[in-house]
Amino acid sequence: SYFQEDMTLTAETLGAAGFSSAMLENTSDGKDTLTLTAAAAIDADRILEPFEQVTLTAGGVKRFVGWVDQAPRQATGSSSSLSYTIAGAMRWLERVTLASPTTGGLIQLGVDFSELGADTTSLAANLRFVLDHAIENTDDAFAYVDADLDATIFQHSIPPEFRHDSTCEAILRRLLKFAPSVSFWWDYTTTVPTIRFADTDRNTADKTLSESAYQLSSAGLNPRYDTLRDRVAIYWTSKGVLLGTETTASGGSGAALGANRALVLTFELGACNLPSAGLAAAFAKYYTRLHVDATADMVGLDWSHRPGHLWDFAGLLANSYKAFCVGVTRDLFSLSQSITLGVPPAYDAYIESAGNSDPGPDKEPPVVEITRTIEDPDSAALDGDSFWIINGQAAPSGSSISVPAGSYAITFIVPDRYITPDPQLVVVEDASPFVASVTSRSSPLSAPRQATMR
């Protein structure tokens, strides 16, 4: 087991348990924490054991599950205290390193996980792989809802990249940067903590911030015009050669408010295929949306609030601004809470590298024609239901194909008749026709023969 004897605390009886302060923080990056403090001598017996699992309930409902990670003690003059920092379920993803049985800690994202099978380049497939690995290596300490990852926002391909000795938590955050409109949070009401994902690209507010609805002690907001873009342009390259572009038209709040600047991103593909379309649109959902930083301090506890909610503002600001909740901090002794609204964490990751100028006209990559010629008396018979395999994907049949310049592993197949035993690595950098020789092997019913693919 990863933890000691379970302890259940209730928010209503924390004082009787020996604590004088309790702060529960839930954030949109999943790093939930419960901080408990007791007025005790610096050498007092500990209240909680190392790595002990702590369950917090309020109103008879489970509100938090975590594990003791830190236990600082402090003494100043005549006062002393004993505190506990209890980390939520993200703790397990932070402590599991993603490793492969064949490459160890070197993991390639966005291209191929041999354990996954077919569709391995989608964001959904990569997320499932990481989460399953963490669950398997933590004795099923947490769960996720598979249907959450069926949403459209998770189906686009992501750029290839290598990660070395990275934790599942670090890779999870890296993957979600390719869908910045996704919010995730922990549901503690389930048997084990459950991580939930949802696309927050919507205009219907979940909550409305107003003095009539909540007793506010303070509030403030700041529209973030500085982060706003009106369009997104993505360039796909391989060894300095432009393979393709993916752009979105000017739109959203960025266009309406006159932002007139693009988010420009360039990704190196190496020998991989062009990803399926969708990444630019995923970025545009958030980069063309006006975000608002805001805070609200409230008297009383409202357990319905959570990260990922979309908040509207009442009065003169109604329908003018909307903001996402990125954190809720609850003081379980003063019975008050603070709501923090703002730019989601994934959004900030690419702002530093974002281009501020127009990406200019789309640039088309050079197209290379590859023609197949079979030097064999039976070559005519090979023109039937033939097809190409390009980087593991089927291409149209026929004697020739046209592809963008780049790096390819090519196989030619005629069902039951002809197949190249090993893919031919092809690197083409201009529009000149490419010639390659391959050795074929036949089906068991016919004799071996040589073939030249050109």
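Let's start at H133, which sits in helix α2, residues 123-136. Keep in mind that this is a predicted model. Is H133 buried or exposed? Its relative accessible area is 15%. The cut-off for buried is under 20%, so H133 counts as buried.

What does the H133 side chain meet? One of its polar atoms lies 3.4 Å from the backbone oxygen of T97. Leaving aside residues up to four places away in sequence, H133 touches V96, T97, L98, A99 and C168. Hold on to C168. We will meet that residue again in a helix.

Now step back to the whole chain. There are 6 helices and 31 strands. The chain has 454 residues, and 47% of them count as buried. The exposed area is about 20,600 Å², with carbon and sulfur atoms supplying 50% of it. Next, contacts between residues at least 6 apart in sequence. Of these, 67% join residues at least 24 apart.

On to the interior. Nonpolar side chains in soluble globular proteins tend to be buried together. Here, the largest nonpolar core has 72 residues. Which members touch the most others? F154 and F197 do. And which element gives the most to this core? That is α2, with 8 residues. H133 is in that helix too. There is also a second, separate core of 16 residues, with Y214, L228, C325 and L341 among them.

Stay with F197 for a moment. Again, set aside residues up to four places away in sequence. F197 then touches L131, D148, L149, F154, L172, L176, V182, S183, F184 and W185. So F154 is on that list, and the two core residues I just named touch each other.

Let's look at the first sheet. Three strands form an open sheet in the order β9-β12-β11, with mixed pairing. β9 and β11 are the edge strands, each pairing on one side only. On one side, β9, residues 143-144, runs parallel to β12, residues 194-199, and 2 bridges join them. In that pair, A143 has T194 as its bridge partner. On the other side, β11, residues 182-187, pairs with β12 in the antiparallel sense over 6 bridges. There, W185 is partnered with R196. β11 and β12 also make a hairpin, with 6 residues between them.

What packs on this sheet? Helix α3, residues 168-176, touches β11 and β12. The direction of α3 makes about 145 degrees with that of β11. How many of the 9 residues of α3 are buried? The count is 7, and the helix is mostly covered. The buried ones are C168, E169, I171, L172, R173, L175 and L176. Here is C168 again, a residue that H133 touches. L172 and L176 are also back, both touched by F197.

Now the second sheet. This one is open as well, with 3 strands in the order β16-β15-β17 and mixed pairing. Its edges are β16, at 241-247, and β17, at 262-268, each pairing on one side only. Neighbouring strands are turned by 20 degrees against each other on average, direction ignored. β15, residues 231-238, pairs with β17 in the parallel sense over 7 bridges. W236 and F267 are bridge partners in that pair. Helix α5, residues 279-287, lies across β15, β16 and β17. α5 runs at about 145 degrees to β15.

Last topic: two backbone angles. D139 has a phi near 55 degrees, a positive value in a residue other than glycine. Where is D139? It is in the loop between α2 and β9. D139 counts as exposed because its relative accessibility is 56%, and the cut-off is over 50%.

L335 is the second case. Its phi is also positive, near 55 degrees, and again the residue is not glycine. L335 lies in the loop between β20, at 322-331, and β21, at 336-341. L335 has 47% relative accessibility, so this residue counts as partly exposed.

To recap, quickly. H133 is buried, and α2, its helix, gives the most residues to the largest core. F154 and F197 touch the most other members of that core. α3 packs on one sheet, and α5 lies across the strands of the other.

Technical notes: Residues are numbered from 1 along each chain as its sequence is written. This is a predicted model: local features need pLDDT of at least 70, side-chain atom pairs count only at pLDDT 80 or more; totals for chains, interfaces and linings use all residues. Side-chain values use heavy atoms; hydrogens and water are left out. Helices (H or I, at least four residues) and strands (E, at least two) are DSSP runs, numbered from the N terminus. Buried means under 20% relative accessible area, exposed over 50%, partly exposed in between (1.4 Å probe, protein chains only). A polar contact is a pair of N or O atoms within 3.5 Å; within protein, one must be able to donate a hydrogen and the other to accept it, and residues adjacent in sequence count only if both atoms are side-chain atoms. Contact means heavy atoms within 4.5 Å. A nonpolar core is a set of buried Ala, Val, Leu, Ile, Met, Phe, Trp, Tyr and Cys residues joined through side-chain atoms within 4.5 Å. Accessible areas come from the Shrake-Rupley method with a 1.4 Å probe; for residues, only the protein chains shown count as cover. Two strands pair if DSSP finds at least two bridges between them. Axes are lines fitted to C-alpha atoms, for helices over the stretch in contact, and angles run from 0 to 180 degrees between N-to-C directions.
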